[in-house]
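Hello,

Here is the structure I promised to pass on to you. Have a look at it first, and then read on for what turned up.

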Amino acid sequence: MVLQVPAVLKGRDMTDRESRSGVKLSSQLGLIACTHPQAYTLPLVSDYVADSSDVLVSRLGSANDIVPHLREAGERSNMIVDAGCWKKSITGQGASAVIGDGLDALNLEQWAKQVVKSTAARAVLTPSYHVPFGEWDSLEALLRATAAEHHPSLVTLVPIGAKVLEGQYLDQFLDRLSATRPRQMAFVFTGNKKPFSPDSMPGGRARIRGLRRLLARFPGTWVLGVDPLIATDALAYGAGLVAVGPNYGERNPSGPDDRSSGGRAVKGLPGFFLSSLLELRSPGMYEEWFSNLPPDEVEFCEECDRHVDSFDSTEEDRQRIFEHNLHATAGFVNELVGRQERGRERRAWLDKRRCHALEGHTGRGTMVGPIQADQTLRALCELDDPWGRSTNTHGAWI
Ligand SMILES: [Zn+2]
C-alpha cells in the first residue's frame with residue numbers, strides 16, 4: 001500500500017525555516033515495548049517507565065484496541081509513538097511515496113495532533129517508509145516532506161539499512177542529511193541480524209565509527225532500536241535519546257527486505273542482559289558458561305532475586321527476563337549518564353568498562369571449549385584500543 005503525501009506538503013521548500021522540534025523528555029533512555037501478540041510487552045514496559053521516569057517507545061499498532069492502553073501509558077509517563085510503517089513498506093519514487101498511515105486524508109501535522117490527542121504521547125515519529133539502500137532521492141524526499149511540519153511533537157524518523165554507516169557510503173549519507181535543514185531526527189538502523197554486528201568485524205567497526213560521525217555532525221539525534229552497547233556508545237558520542245528493546249526484535253530491527261533472524265534462543269528463552277560481561281544471551285547459554293562453577297559463584301541479580309542461569313522455559317520466566325532486561329539496561333545506562341565527567345573522559349570511562357567486561361570472558365570455559373564474546377563488544381573494544389589490536393572470538397587481545 002502506498003499512501004500519498006498530502007498535496008499541501010509537495011513542493012514546499014522549508015530549508016530556510018526553523019523547523020527543529022522542541023520535544024523535552026524525562027530521560028535519555030527510551031525502552032521499547034513490543035506490541036506483537038507473541039511477545040507483547042506493553043504493560044510490562046509501561047509499568048516500568050511509570051516508576052523509573054524513563055521513556056516508553058511504542059508502536060501505534062494496527063488494532064484500535066491498543067489506543068486506550070497507549071493513552072493510559074502516555075498519561076503516566078513520557079511516551080513516543082511510532083506508526084511502524086517502515087516495518088512493511090519501502091519508499092517509492094519521489095515525494096509522493098515516503099510516508100503513510102492514512103495521510104491521504106489528513107496532512108502530517110493534523111495527523112500528529114490527532115495521535116497526540118488520542119494517546120497522550122509526548123512525541124510522535126513521522127510515519128516514514130523504510131529508505132532502500134542507495135536511494136538518495138527517496139531519502140531527500142522523506143526529509144523534505146517531514147521537515148516541512150511544525151507540530152512541536154513531531155520528530156522526523158529515518159529508517160534505513162545500517163550499511164549506510166560504512167565508510168564508502170557515509171559521506172554521501174551525511175551530505176544528503178545536511179542538504180535539508182534538519183528538524184529533530186530519529187534513526188532506526190536495520191539489518192539482517194544484528195545491524196551493528198555484521199559477520200565481518202571490519203564492517204561492525206565501520207558502522208560504529210559511522211554512527212559516531214553522524215552524532216558529531218547532528219548532536220542530539222535520537223537512535224532507536226539498539227542494544228545496550230550501542231545505546232551507551234551513542235549517548236557518549238552525543239545522542240539526545242537512545243531506545244533499547246527488552247526483546248531481540250526491538251533492539252535488532254529488520255527492514256522489509258531483511259531476512260531477520262532471532263538469534264540463538266537456548267530452551268526458547270530470550271536474551272538476558274548480563275551487565276558484568278555486557279552480554280545478551282539466553283539463560284540456557286549462561287547455564288553452559290557457568291557449568292564449571294559452584295552454584296554460589298554463579299552471578300546473581302539482586303533485583304530479580306535470582307541466579308542468571310535459573311530461568312525455565314515458561315511464559316512467566318520469559319516475562320521475568322524481559323523485566324530483568326529493563327532494569328539491567330537502565331542500570332548500565334545510568335552508570336554512564338550519572339557520571340560527573342563529560343566528553344572525552346566519559347568516553348574513556350566507557351571504554352574501560354567495556355574492556356573490563358571483555359576480559360571477563362577469558363578463562364571461562366564450557367564442556368565444549370572457551371566461550372564466545374559478543375561481536376559488538378569486541379568491535380567497540382578494538383575500535384578504541386590505543387595500540388590498534390584485534391581480539392579473538394573468545395575476547396582475548398591478539
Ligand atoms: Zn534482574
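Trp397 has a relative accessibility of 22%, so it counts as partly exposed, a class that lies between under 20% for buried and over 50% for exposed. You will find Trp397 in the segment after α12. Please keep in mind that this is a predicted model. Leaving out residues up to four places away in sequence, Trp397 touches Cys355, Glu359, Cys381, Glu382, Asp385, Arg389, Ser390 and Thr391. One of these, Glu382, is 15 residues from Trp397 in sequence, and their C-alpha atoms are 8.8 Å apart in space.

Now for the chain as a whole. The protein chain has 12 helices and 14 strands. Of its 398 residues, 55% are buried. If you take the contacts between residues at least 6 apart in sequence, 69% of them join residues at least 24 apart. The accessible surface of the chain is about 16,800 Å², and carbon and sulfur atoms account for 48% of that.

Next, helix α11, which runs over residues 343-359. How far apart should its ends be? With 17 residues at 1.5 Å a residue, α11 should span 24 Å, and its end C-alpha atoms are 25 Å apart, which agrees. The buried residues of α11 are Arg346, Trp349, Leu350, Asp351, Arg353, Arg354, Cys355, Ala357 and Leu358. Which helices do they pack against? They pack against α6 (201-217), α7 (228-236), α10 (315-337) and α12 (375-383). Cys355 is also among the residues that Trp397 touches.

Closer to the start of the chain numbering you can look at α1, residues 42-52. Leu42, Leu44, Val45, Ser46 and Val49 are its buried residues. Those buried residues pack against the strands β1 (29-32) and β2 (55-59) and against the helices α2 and α10. Ser53 follows α1, and its phi is positive, near 75°.

Helix α2 (residues 67-76) also packs with helix α3 (residues 108-119), at an angle of about 80° and with the axes 7 Å apart. That angle falls in the range of 65 to 115 degrees, so α2 is roughly perpendicular to α3. On the α2 side the contact involves Val67, Leu70, Arg71 and Gly74, and on the α3 side Val116, Lys117, Ser118 and Thr119. Sorted by type, the residues of this contact are three nonpolar, three polar and two charged.

Some loop residues are also worth finding in the viewer. Cys34 lies in the loop between β1 and α1. Is Cys34 buried or exposed? Its relative accessible area is 5%, so Cys34 is buried. Outside its neighbours within four places in sequence, Cys34 is in contact with Ala39, Tyr40, Thr41, Leu42, Asn247 and Glu250. Leu42 is one of the buried residues of α1. Cys34 and Tyr248 are 214 residues apart in sequence, yet their C-alpha atoms are 10.0 Å apart in space.

The loop between α8 (248-251) and β9 (272-274) holds Asn252, and Ser254 sits in the loop between α8 and β9 too. Asn252 has a relative accessibility of 8% and therefore counts as buried. Not counting neighbours within four places in sequence, Asn252 is in contact with Lys193, Lys194, Pro195 and Gly225. Ser254 is buried as well, with a relative accessible area of 11%. Its C-alpha atom is 9.8 Å from that of Pro159, a residue 95 places away along the chain.

Finally, two residues with a positive phi that are not glycine. Leu278 has a phi of about 50° and is found in the loop between β9 and β10 (279-281). At 2% relative accessibility, Leu278 counts as buried. For Asp305, phi is near 60°, and its place is in the loop between β11 (300-301) and β12 (306-307). Asp305, in contrast to Leu278, counts as exposed, at 57% relative accessibility.

Enjoy exploring it!

Best wishes

Definitions and conventions:
Residues are numbered from 1 along each chain as its sequence is written. This is a predicted model: local features need pLDDT of at least 70, side-chain atom pairs count only at pLDDT 80 or more; totals for chains, interfaces and linings use all residues. Side-chain values use heavy atoms; hydrogens and water are left out. Helices (H or I, at least four residues) and strands (E, at least two) are DSSP runs, numbered from the N terminus. The expected span of a helix is 1.5 Å times one less than its number of residues. Buried means under 20% relative accessible area, exposed over 50%, partly exposed in between (1.4 Å probe, protein chains only). Contact means heavy atoms within 4.5 Å. Axes are lines fitted to C-alpha atoms, for helices over the stretch in contact, and angles run from 0 to 180 degrees between N-to-C directions. Angles under 35 degrees count as roughly parallel, over 145 as roughly antiparallel, 65 to 115 as roughly perpendicular and the rest as oblique. Ala, Val, Leu, Ile, Met, Phe, Trp, Tyr, Cys and Pro count as nonpolar, Asp, Glu, Lys and Arg as charged, and the others, Gly among them, as polar. Accessible areas come from the Shrake-Rupley method with a 1.4 Å probe; for residues, only the protein chains shown count as cover.
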